[in-house]
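Me: I have a model open in front of me and would like to understand the labels attached to it. Could you take me through the reasoning behind them?

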Amino acid sequence: LEVLNDRPLTAETPAHLLDDPITPTTRHFIRNNGLEPLEVDAQTWTLTVDGMVDSPLELTIADMRDRFEVHTMALVIECGGNGRAFFDPPASGNQWTVGAVGCSEWTGVRLKDVLEAAGVQDGVVYTAHYGADTHLSGDPDKLPISRGVPIAKALTDDVLIAFEQNGEPMHIHNGAPLRLVVPGWPGSCSQKWLTRIELRDIVHDGPKMTGQSYRVPAYPVAAGQEVPDEDFVIIERMPVKSLITFPADGAEVSGATEVRGHAWSGDRTIS
């Protein structure tokens, strides 16, 4: 657990605690690029949808429940850097081993339905996501992170604006009272403490969208090879991964032993 000003920045879950098909809320990993808000109120929280839309929206959570169909889906969120601790040569960033992944049941409304209600204009290329977290420096004029997804991804059926996790209101560490869940893509796309979604006619250029942030080389490279920024592409669908959750790492076994785990790719998971 990494903490700043009494607020968590990262927390990884040991593999054996991810054995459940549905990840319990208390075992879901935490990754915050900024400082989570000190206070949130689900009753007064609003989401603004603007930019290249026909009719900008300002919605409370109650509005979303009333206006749109509510869905519950088991969706995988994985940090884009999960497994980074095993890189050789080492890579900078959070030194995750295998536990920066979870598959909870998320309840909310489809992003697609909300965007279509606002009216997606011709020429929209990308979404831009904004949250209520603050920059690690404390500067209120700086955003810690603001990422987005191509409009084609935003209009798929399994991207949620979520207000519940595992049948209960989300914990603030997991983005309460409102967050995006963009399954199978880097977790940074799943903006926590969501306050605004903007539609843009360019690839969004907010913090953590440019340079080498959440990007990979566009072609195979040798470990440690220098790659110019212009040859990096944005990470979209995450690659195939798997994880053994039972027996626990280091356990001593004898004879026939059941082995359990999970495998996932993009938005699909198998236990």
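Me: Happy to start with a strand. What makes strand β9 (residues 160–165) count as mostly covered?

Reply: Keep in mind that this is a predicted model. A residue is called buried when its relative accessible area is under 20%, and in β9 six of its six residues are buried. That is why the strand is described as mostly covered.

Me: How do you know that β7 and β9 are paired?

Reply: Pairing needs at least two bridges between two strands. Five bridges join β7 (residues 101–110) to β9, so they qualify, and the two run antiparallel. For a spot to look at, find Gly108, whose bridge partner in β9 is Ala162.

Me: And what makes β11 a partner of β9?

Reply: Three bridges link β9 with β11 (residues 179–181), in the antiparallel sense. With at least two required, they pair. Here Leu160 stands opposite Val181 in β11.

Me: Why is β10 called a partner of β9 as well?

Reply: Two bridges join β9 to β10 (residues 168–169), and the rule asks for at least two, so the pair counts. These strands run antiparallel, and Gln165 has Glu168 as its bridge partner in β10. The hairpin they form has two residues between the strands, and Asn166 takes a positive phi near 55° there.

Me: Now the open sheet: what makes β5 and β8 its edge strands?

Reply: The sheet has four strands in the order β5-β4-β12-β8, with mixed pairing. β5 (57–60) and β8 (126–131) each pair on one side only, and that puts them at the edges. From one strand to the next, the twist averages 15°.

Me: How do you know that β4 and β12 pair within it?

Reply: Four bridges join β4 (residues 46–51) to β12 (residues 194–200), so the requirement of at least two is satisfied. These two run parallel, and Val49 stands opposite Ile197 in β12. Helix α2 (residues 111–118) packs on the sheet, touching β4, β5 and β12, and its direction makes about 140° with that of β5.

Me: One last residue, Glu78: why is it called buried?

Reply: Its relative accessible area is 3%, and buried means under 20%, so Glu78 belongs in that class. Glu78 lies in strand β6 (residues 70–78).

Me: Which residues is Glu78 in contact with, leaving aside its neighbours within four places in sequence?

Reply: The list for Glu78 is Phe29, Ala100, Val101, Trp185, Pro186, Gly187, Met238, Lys241 and Trp264.

Methods: Residues are numbered from 1 along each chain as its sequence is written. This is a predicted model: local features need pLDDT of at least 70, side-chain atom pairs count only at pLDDT 80 or more; totals for chains, interfaces and linings use all residues. Side-chain values use heavy atoms; hydrogens and water are left out. Axes are lines fitted to C-alpha atoms, for helices over the stretch in contact, and angles run from 0 to 180 degrees between N-to-C directions. Contact means heavy atoms within 4.5 Å. Buried means under 20% relative accessible area, exposed over 50%, partly exposed in between (1.4 Å probe, protein chains only).
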